[in-house]
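Q: Please take a close look at a single part of this structure and describe how it sits among its surroundings. I should like one connected account, with the cut-offs stated for each term.

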Amino acid sequence: MISHDMTEKLYYQDSHLFTFDAVVLDCREEKKGYSVVLDRTAFFPEGGGQLADTGTLGTARVLDVHERGGEIRHYTDAPLSAGERVNGRVDAEQRMRRMQNHSGEHILSGLTHAAYGYDNVGFHMGAECMIIDFSGELSWEQLIQLETRANEVVRANLPLHIWFPNAEELKTLAYRSKLELTENVRIVEIPGVDRCACCAPHVARTGEVGVIKILDAQRHRGGVRVSVVCGMDALDDYRARQDSVTEISRALSAKRGEVGEAVCRVLREQQSMKERCDALSLALIRYMADAEAETNGNLLVFSDVLGEIAQRELVNLLTPKAGGLAAVFCGSDGAGWRYVIGSRHVNLRAASKAINAAIDGRGGGAPEMIQGSARASRNVIESALRVLKL
């Protein structure tokens with residue numbers, strides 16, 4: 001097998017290089033497309049918590065990039081010929097967004113480590129946000145303070161210093177790292193803020209990060225899991241939230257800055273209406289129960305207004321009046337029916353199979369009461385259960 005571990009890594013020379021020319025050294029057909037090795041590349045392979053770049057090589061689309069044993073392979077949707085000279089184009093918008101987020105993570109992690117001594121023990125760059133796991137707990141107030149300081153670092157527009165120290169220099173450096181590293185260690189330093197081992201491309205100056213915004217935080221394995229967005233991703237997130245707030249403000253006829261109070265008011269009104277509705281439903285079912293005469297057979301009631309609690313209570317009121325089943329069906333022929341059935345004389349758990357077969361239903365429960373759903377029409381249900389003997 002030919003070794004291609006000398007591919008020139010242009011992304012380390014210039015993280016803002018998005019177009020380049022290269023010579024194809026090797027192309028192999030894979031299960032899903034082709035893998036291509038170049039003599040030089042600006043495509044970053046997956047690593048350091050950052051996904052691989054995508055883009056094009058000539059007319060072929062680059063779908064993924066991986067480094068295996070020092071060999072950088074570009075996975076494409078079309079073959080390229082060995083010896084061919086091709087133009088590569090990295091998806092610049094995608095790369096810039098990832099660099100903004102990744103450099104923003106270094107800023108926030110460095111400040112957290114300096115202030116509290118906590119390590120970044122987990123890092124994932126997702127489609128919607130970054131997830132950072134810190135080794136100790138932080139309150140929301142502490143996180144907001146860190147967020148403010150992180151954005152002050154962005155505003156300061158500090159230059160990043162990125163290099164491969166030799167073995168002797170590496171021994172003298174204090175830096176963050178999840179792994180024990182001894183060779184080919186690449187250090188990313190933000191002066192006075194952070195020094196970390198990292199293999200991914202980064203912005204040239206902190207100002208390029210744009211903004212760092214913490215979205216959410218929750219306790220996680222003795223520490224805290226933080227959701228963060230930076231740069232253009234933060235702008236997209238803000239726009240989406242702004243659109244939501246605008247829709248809510250219009251729906252509730254409230255100013256955008258007062259939507260929280262307006263929503264709470266609506267929820268209080270809704271709760272009050274629910275409590276009144278429950279009270280009315282309980283009053284209604286007493287009238288419905290009183291209207292039913294005692295029978296040695298089955299009692300059936302249909303309703304399109306009762307909630308689940310009222311439905312069960314009505315069954316409890318009807319059960320003493322029925323020598324067989326006391327059944328309440330709520331819903332309609334078009335939407336289907338939910339049922340609750342009670343009895344003091346029939347083992348309903350044992351009878352549920354026969355009941356469900358008669359009404360095209362599904363459900364079960366205890367010997368005294370079963371519940372479920374039925375797809376049969378009201379006429380079919382009435383005809384079946386009025387005469388059903390159990």
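A: The account below begins with one helix, passes to the sheet beside it, and ends with ring pairs and two further residues.

This is a predicted model, in which local features need pLDDT of at least 70 and side-chain atom pairs count only at pLDDT 80 or more, while totals for chains, interfaces and linings use all residues. Residues are numbered from 1 along each chain as its sequence is written, and side-chain values use heavy atoms, with hydrogens and water left out.

Helix α7 spans residues 308–318 (helices, H or I of at least four residues, and strands, E of at least two, are DSSP runs numbered from the N terminus). Within α7, Ala310, Gln311, Leu314, Val315 and Leu318 are buried (under 20% relative accessible area; exposed is over 50%, partly exposed in between, with a 1.4 Å probe and protein chains only). Viewed down the axis of α7, these buried residues fall within an arc of 140°, so they line one face of the helix (the arc is taken from the directions from the helix axis to the C-beta atoms). An α-helix has 3.6 residues a turn, so residues three or four places apart point the same way. Glu308 and Ile309 are exposed and belong to the face of α7 turned away from its buried side.

The cover over the buried residues of α7 includes α6 (259–290), β16 (299–303), β17 (326–332), β18 (336–342) and β20 (369–374). Four of these names recur in an open sheet of 5 strands, ordered β16-β17-β18-β20-β19, with mixed pairing (two strands pair if DSSP finds at least two bridges between them). The edges are held by β16 and β19 (361–365), each with a single partner strand, so one side of each is left without a neighbour in the sheet. On average, neighbouring strands here are turned by 15° against each other, direction ignored (axes are lines fitted to C-alpha atoms, for helices over the stretch in contact, and angles run from 0 to 180 degrees between N-to-C directions). Strands β18 and β20 run antiparallel and are joined by 6 bridges, and Trp337 stands opposite Ala374 in β20.

Trp337 also takes part in a ring pair. Rings of Phe, Tyr and Trp (its six-membered ring) pair if their centres lie within 6.5 Å; planes under 30 degrees apart count as stacked, over 60 as edge-to-face and the rest as tilted. By this rule there are 8 aromatic pairs. One of them joins Phe20 and Phe43 edge-to-face, at 5.9 Å centre to centre with 75° between the planes. Phe20 is buried at a relative accessible area of 5%, and Phe43 is buried at 0%. Phe302 and Trp337 are likewise edge-to-face, at 5.3 Å centre to centre and 80° between the planes. Phe302 lies in β16 and Trp337 in β18, so the pair ties together parts 35 residues apart in sequence. Both Phe302 and Trp337 are buried. Elsewhere, ring pairs link Tyr11, Tyr12, Phe44 and Phe164 into a cluster.

Two further residues complete the account. Ala384 lies in helix α9 (residues 378–387) and is buried, with a relative accessible area of 19%. Its C-alpha is 7.1 Å from that of Ile359, although Ala384 and Ile359 are 25 residues apart in sequence. Thr7, in the segment before β1 (8–9), is buried at 8%.

Note on methods. Contact means heavy atoms within 4.5 Å.
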